[in-house]
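Thanks for sharing this one. Here are some notes to read with the structure open beside you.

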Amino acid sequence: MADKKNIIDRRRIRKITGSFSWADHRLITGGFLDDLPAEAILLYFFLTAVSDRYGVSFYHDDRIWHILKIDLHNLGQVRADLINRGLIAYRYPVYQVLALPEKPITPPTAQELAEEKKKMGLYYIQKIKDVVSHKARSSLC
């Protein structure tokens, strides 16, 4: 099969030695990279390169930003984007590259996130009011 390929340098054909990582070809053919920022693609492929057979990587953020030249603030944003798209999971300090979802997931827009944050804020304000009201009624009894 290799003879039918247009191999440019036969002396330097890649061989699997030691550890091995892979990236699902559907990343490209399935449109998963289409609207990802370059730094997110860079982080994703870095994690696929350093993860074990379960997709788990123990590289810490300080090491990642040093290697990839992504500052810690941007690294956090890029990580959140990949998480929102269902491409990785993260529980400090461990990353896991996940099996690709059936189709690309579109993360919520900034407006949708702001609306959700506002709803949660209103919910917690109401909970506090309920607790205060309950305590006030209890102290009257």
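Is Arg85 buried or exposed? Please keep that in mind while reading; this is a predicted model, and point 1 takes the question up.

1. **Arg85.** This residue is buried, with a relative accessible area of 8%, so it falls under the 20% cut-off for that class. Arg85 belongs to the loop between α4 (72-84) and β2. Its side chain makes a polar contact with the side chain of Asp81, at 2.8 Å. Setting aside neighbours within four places in sequence, Arg85 touches Asp35, Leu36, Pro101, Ile105 and Pro107. For a sense of distance, Ser51 is 34 residues away from Arg85 in sequence, and their C-alpha atoms are 19 Å apart in space.

2. **The sheet.** You will find three strands in an open, antiparallel sheet, ordered β1-β3-β2. The edge strands are β1 (56-57) and β2 (88-91), each of which pairs on one side only. Between β1 and β3 (residues 94-97) there are two bridges in the antiparallel sense. Here Val56 has Gln96 as its bridge partner, while Ser57 stands opposite Tyr95. On the other side, β2 and β3 are joined by four antiparallel bridges, and Arg91 stands opposite Val94.

3. **Two faces of β3, and the helix across the sheet.** In a regular strand, side chains alternate between the two faces of the sheet. With that in mind, have a look at β3: Tyr95 and Val97 make up its covered face, whereas Val94 and Gln96 are on the uncovered one. Helix α2 (residues 38-50) lies across β1, β2 and β3, and runs at about 95° to β3.

4. **The hairpin and its cis bond.** What joins Tyr92 and Pro93? The answer is a cis peptide bond, with omega at about 0°. Pro93 lies in the loop between β2 and β3, and the hairpin that connects these strands does so through two residues. Most peptide bonds are trans, and most residues other than glycine have a negative phi. That background also serves for the next point.

5. **Lys69.** Although not a glycine, Lys69 has a positive phi of about 65°. You can find Lys69 in the loop between α3 (61-68) and α4. Its relative accessible area is 66%, so Lys69 counts as exposed.

6. **Aromatic pairs.** How many aromatic pairs does a search of the whole structure find? There are four. Among them is the edge-to-face pair of Tyr44 and Phe45, with centres 5.9 Å apart and planes at 85°. Tyr44 is buried at 3% relative accessibility, whereas Phe45 is partly exposed at 31%. Another of the pairs is Tyr123 with Tyr124, also edge-to-face, at 5.3 Å centre to centre and 70° between the planes. Here Tyr123 is partly exposed, with a relative accessible area of 43%, and Tyr124 is partly exposed at 48%.

7. **A charge over a ring.** One last contact to look up is that of Arg79 with Tyr90. The charged end of Arg79 sits over the Tyr90 ring, 4.2 Å from the ring's centre.

Technical notes
Residues numbered from 1 in each chain as written. Predicted model: local features only at pLDDT ≥ 70, side-chain atom pairs only at ≥ 80, totals over all residues. Heavy atoms only, no water. Pairing = 2+ DSSP bridges. Contact = heavy atoms within 4.5 Å. Axes fitted to C-alpha atoms, helices over the stretch in contact; angles between N-to-C directions. Phe/Tyr/Trp six-rings, centres within 6.5 Å; stacked < 30°, edge-to-face > 60°. Buried < 20%, exposed > 50% of the residue type's maximum accessible area, 1.4 Å probe, protein only. Lys NZ or Arg CZ within 6 Å of the ring centre and 35° of its normal. Polar contact = N/O pair within 3.5 Å; in protein donor to acceptor, adjacent residues only side chain to side chain.
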